[in-house]
Each structure stands twice: as structure tokens, then as C-alpha cells.
Amino acid sequence: MEQGAFAKLVIITGMSGAGKTIAVQSLEDLGFFCVDNLPPILIPKFAELIEQSKGRIGKVALVIDLRGREFFTALSESLTYIKEHYTFTYDILFLDATDSVLVQRYKESRRRHPLAPYGAPLEGIQQERKLLEELKGIATQVIDTSQLKPAQLKEKIISRFTNFEGNNISINVISFGFKYGIPIDADLIFDVRFLPNPHYVEHLRPQTGQDPEVYEYVMKWPETNEFLGKLLDLLQFLIPQYKKEGKSQVVIGIGCTGGKHRSVAIAEYLGKTMDNGETEIVRVSHRDADRDR
């Protein structure tokens, strides 16, 4: 099985209209051998082909969606079989988006939802979300495409799957504003609205948590230091547990009211503190920092 040890298998799934076509095209550009709409029951057979290729097929992406929904019950058994019989790693990439965004995409494309061919798109979307709930729970990577343009989604996927090392875990820290909604792809959410708010300091209001003055203001309070100490202790315990479960990505959401000051500063701190460059790859993004500019 040594030849298959370095193979990389990515299973692409998620909500219809969330960007699976762009995802598979992006992985093709990275040299992945891609198969669209493969029934999960055939995954072990495909794994056997990877193993027998002796390295000729090293990176494979399989798209599984509701066009093959009758086979979803076989997915768990197929993945268990791979774990027990093969040495190569796999990721489940789940693409998601909010209901309102998916409805808008269906309206713009004038396509019918596969689960509601004669009804409103929202009806099919809600039914699909319920069907995929368990699958999303076992996904190793989840990407919310609600606010991503096609080029941005492609860039995100390429950054995650270029030179990926199986012994690393990707930690994505995202700041956000609660008034704009919680990130739907977050594994952990922390609310920092209890911290003193720079919004009420007039000269700090136009700035963000990335600016030194705002960052220092957020960090100077005793409750900030105590919170960060407890948070880092928790994350240092949780991250290895996620890694042990096979997750290759963890998304940590840090939220304040508008997503401009406190959450941005805390996210920046976590990015600097957690990035050890060896077992973890830390990326920091700020979803709402520039919304009112």
C-alpha cells in the first residue's frame, strides 16, 4: 500500500448552487483527476484504482451530490472501507450558502432546483439542507460561498489544496458582525461583545481592529487578557482533538456587533499567536470590517 500513501482524495459535495462546478474546475487546474456525479457506492472501487495505479493517479476529486441521492446511505460505509483498507488520506469538501443567496442564484440562472422541479426553489433548498445535514457534520472542510465571487472561490480552493500536507490542520479565523449574521461554515463561535467598544471613541470609530490604535485599545483591558488566556487554553485542547477526528480544517468565528473593531483585533491576535508554522496553518480574514466604509 506504500504507493497509495501519498494519494489525495477529495470528495466534493454540498448544496446545489453553492459552487461545486467551480470547485471541481479549480481542482482540475491543480492537476486533480476529477469525476463528476460518482455514486458513493463506487468509491471503494475507485480507491482500488488509485492504489493500483502505483502513483500514476495521485490526486483525485469526486463530485457527489443529490443527483445520486439514493446512494448517500452507502457513503459512510465506503469511507469506513477506505480507512480500513487504504493508506491515502481523503477530505470531504462541503460547499454551502445561505438560503437567500441560493434562491437568488436560481432566479438568475432560471434553473429549477433538483428537489423542487415544479415548485419554488426555496422548497427544494430547505429539503436539500435537511438531507445534507449529517453529511455536512462529517465534512473535513466547509466553505460558505454566500459572499464569494467565482474567482474568489477558486482562489480559496487553490490556497487550501496547493501543497497540502496531511499532517497539518488549517485553522481559519474569521471576524464578523452579529448584525450581519453568523458565518454558516464556522465550527466554533466566540462572542466578544462584552469587551469595551472602540466604536464609542470618536477618533477610533472610522478605523478597524487592524489599525494599531484600535488594536491597542482592545488589548489594554484586563478582561481582554483574561479572555484570551482562557480562549487559547481551550483551543490548544480542541485543535488536536479535531485533528484526531480527521478534520483538516477548523473555522473559528470571532464576532462583535459590527465586525469592525473588537472581533477584528481578537482575530488578528489569534492569527499571530496560533501560527506555529509546523503543525498548523493559520489564516485570518475579516468578513465585515469594511462594510460601512
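The following exchange asks why certain terms are applied to this predicted model.

Author: This is a predicted model, in which local features need pLDDT of at least 70, side-chain atom pairs count only at pLDDT 80 or more, and totals for chains, interfaces and linings use all residues. Residues are numbered from 1 along each chain as its sequence is written, and side-chain values use heavy atoms, with hydrogens and water left out.

Reader: Why is H1 called oblique to H6?

Author: Helices are DSSP runs (H or I, at least four residues), numbered from the N terminus. The axes of H1 (residues 20-29) and H6 (residues 150-161) cross at roughly 50 degrees and come within 9 Å. Angles under 35 degrees count as roughly parallel, over 145 as roughly antiparallel, 65 to 115 as roughly perpendicular and the rest as oblique. The crossing angle therefore makes H1 oblique to H6.

Reader: Which residues make the contact of H1 with H6?

Author: Contact means heavy atoms within 4.5 Å. On the H1 side the residues are Ile22, Ala23, Ser26, Leu27 and Asp29. On the H6 side they are Pro150, Leu153, Lys154, Ile157, Ile158 and Phe161.

Reader: What makes the pair of Tyr217 and Trp221 edge-to-face?

Author: Rings of Phe, Tyr and Trp (its six-membered ring) pair if their centres lie within 6.5 Å; planes under 30 degrees apart count as stacked, over 60 as edge-to-face and the rest as tilted. The ring centres of Tyr217 and Trp221 are 5.5 Å apart and the planes stand at 80 degrees, so the pair is edge-to-face. Phe176 and Phe178 also form an edge-to-face pair, with 4.9 Å centre to centre and 65 degrees between the planes.

Reader: How do you know whether Tyr217 and Trp221 are buried or exposed?

Author: Buried means under 20% relative accessible area, exposed over 50%, and partly exposed in between (1.4 Å probe, protein chains only). Tyr217 has 16% relative accessibility, so Tyr217 counts as buried. Trp221 has 25%, so Trp221 counts as partly exposed.

Reader: Why is Leu95 called buried?

Author: Its relative accessible area is 0%, so Leu95 is buried. Leu95 is in strand S4 (residues 89-96); strands are DSSP runs (E, at least two residues). Leaving aside residues up to four places away in sequence, Leu95 touches residues including Ile12, Ala23 and Ile143.

Reader: What makes Leu204 buried?

Author: Leu204 has 3% relative accessibility and therefore counts as buried. Leu204 lies in the loop between strand S7 (188-191) and helix H7 (212-219). Not counting residues up to four places away in sequence, Leu204 touches Pro198, Glu213, Val214, Tyr217 and His261.

Notes:
Axes fitted to C-alpha atoms, helices over the stretch in contact; angles between N-to-C directions.
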